[in-house]
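Reader: I'd like to zoom in on one spot in this protein and have you talk me through it slowly. Pick a single pocket, start there, and then follow the thread to whatever sits around it.

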Amino acid sequence: MGDGLFITLEGIDGVGKTTQARLLVEYLLQQGYDVVHTFEPGGTSLGQAIRKLLLDPENHQLEPVTEILLYAADRAQHVAEVIRPALAEGKVVVCERYIDSSVAYQGYGLDLSVDMIVAVNKLATAGLEPDLTICLDAEPQTVLARVGGDRIEQRDLAYHERVRSAFLSIAAQNPQRVVVVSAEGTEWEVSQRVQRSLAGRLA
């Protein structure tokens, strides 16, 4: 087999990635696909421990490079334990966040080397890239009120605006892989846009 499809959902905090991932999984199951729904950070048992370190507001002393390496460690385990095996079995993998998040949040958001982040994550994932990335887009000031205030979410508005700009830049640089979908409107309206972004991608 080995002809699975790897779909990632990206976007700033509060745009509704988890909701849209769930609705997308429901849609794909209805279409007869075998689907795995997962997320980062924390998609494995080891990843859950890393997630707590990364998102706990008490860990304010966490160095930016440490943050990058922790996300990469989570991703390495996640790819090896969950994503690659599912793709090898011909499944559709729907994953909330992947390498684009590290580029946007730590690269553009914290003004760290994007080349370094890409290199670290290429090592962590053995070069595994998504077949399709759906980038949910909205104004940060509109959606940040929805989030709970973890260590990343507590950063200032300017930070989240840089992250949003980063996602849009990534989309512009990778038009064959990344589709930008407006996160404005009802859950159903957004889900219809997400489903349309799959055109020509499913076997």
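Author: Let's start at the second largest pocket, which has 17 lining residues, and those nearest its centre are Ile-99, Asp-100, Val-118, Glu-129 and Arg-177. Keep in mind that you're looking at a predicted model. The pocket holds about 330 Å³ of space. Three helices each put at least two residues into its lining: α4, α5 (114-125) and α7 (157-173). Chemically, you get 9 nonpolar residues in that lining, along with 4 polar and 4 charged ones.

Those helices give us good places to go next, so to speak, beginning with α7. His-160 sits in that helix. Is His-160 buried or exposed? With a relative accessible area of 0%, His-160 is buried, because the cut-off for buried is anything under 20%. Leaving aside residues up to four places away in sequence, the neighbours that His-160 touches are Ile-12, Asp-13, Pro-140, Leu-144, Ile-152, Glu-153 and Arg-155.

Hold on to Asp-13 and Glu-153, both of them contacts of His-160. They lead to the largest pocket, with a volume of about 480 Å³. It has 24 lining residues, and Asp-13 and Glu-153 are among the closest to its centre, together with Lys-17, Arg-51 and Arg-97. The elements giving two or more residues to this lining are α1 (17-30), α2 (45-55), α3 (64-88) and α4 (99-108). Of these, α4 makes the largest contribution, at 4 residues. The lining itself breaks down into 10 charged, 8 nonpolar and 6 polar residues. Note that α4 turns up in the lining of the second largest pocket too.

Arg-97 is worth a stop of its own. You'll find it in the loop between β3 (92-96) and α4. Its phi is positive, about 75°, even though Arg-97 isn't a glycine. For context, most residues other than glycine have a negative phi. Arg-97 counts as buried because its relative accessibility is 12%, and the cut-off is 20%.

Off the other side of α4, in the loop between α4 and α5, there's Asp-111. Asp-111 also has a positive phi without being a glycine, at about 60°. Its accessibility is another story: at 68% relative accessibility, Asp-111 counts as exposed. Ser-113 belongs to the loop between α4 and α5 as well, and with 37% relative accessibility it counts as partly exposed. If you want a sense of distance, the C-alpha atoms of Ser-113 and Leu-9 are 23 Å apart in space, with their positions 104 residues apart in sequence.

Back to the largest pocket and α2, one of the helices that line it. The buried residues of α2 are Gly-47, Ile-50, Leu-54 and Leu-55. Looking down the helix axis, these buried residues stay within an arc of 115°, so they line one face of α2. The face turned away from that buried side carries the exposed residues Ser-45 and Lys-52. As for what lies over the buried residues, α3 is part of the cover.

Just ahead of that helix, check the backbone. Pro-41 lies in the loop between β2 (35-39) and α2, and the peptide bond running into it from Glu-40 is cis, with omega near -10°. By way of background, most peptide bonds are trans.

One last thing, since you may be thinking about reducing agents: how many disulfides does a search of the whole structure find? It finds 0. Take Cys-95: the closest cysteine sulfur belongs to Cys-135 and is 14 Å away, which is too far for a bond, because a disulfide needs the two sulfurs within 2.5 Å. Looked at from the other end, Cys-135 is in no disulfide either, and its nearest cysteine sulfur is that of Cys-95. Cys-95 is buried, at 0% relative accessible area, and Cys-135 is buried too, at 2%.

Key. Residues numbered from 1 in each chain as written. Predicted model: local features only at pLDDT ≥ 70, side-chain atom pairs only at ≥ 80, totals over all residues. Heavy atoms only, no water. 1 Å grid on protein atoms, 1.4 Å probe; cavity = no way out; pocket = protein on both sides within 12 Å on 5 of 7 lines; lining within 4 Å. Points joined across faces, edges and corners; volume = space filled by probe spheres on them. Nonpolar A, V, L, I, M, F, W, Y, C, P; charged D, E, K, R; others polar. Buried < 20%, exposed > 50% of the residue type's maximum accessible area, 1.4 Å probe, protein only. Contact = heavy atoms within 4.5 Å. Arc of directions from axis to C-beta.
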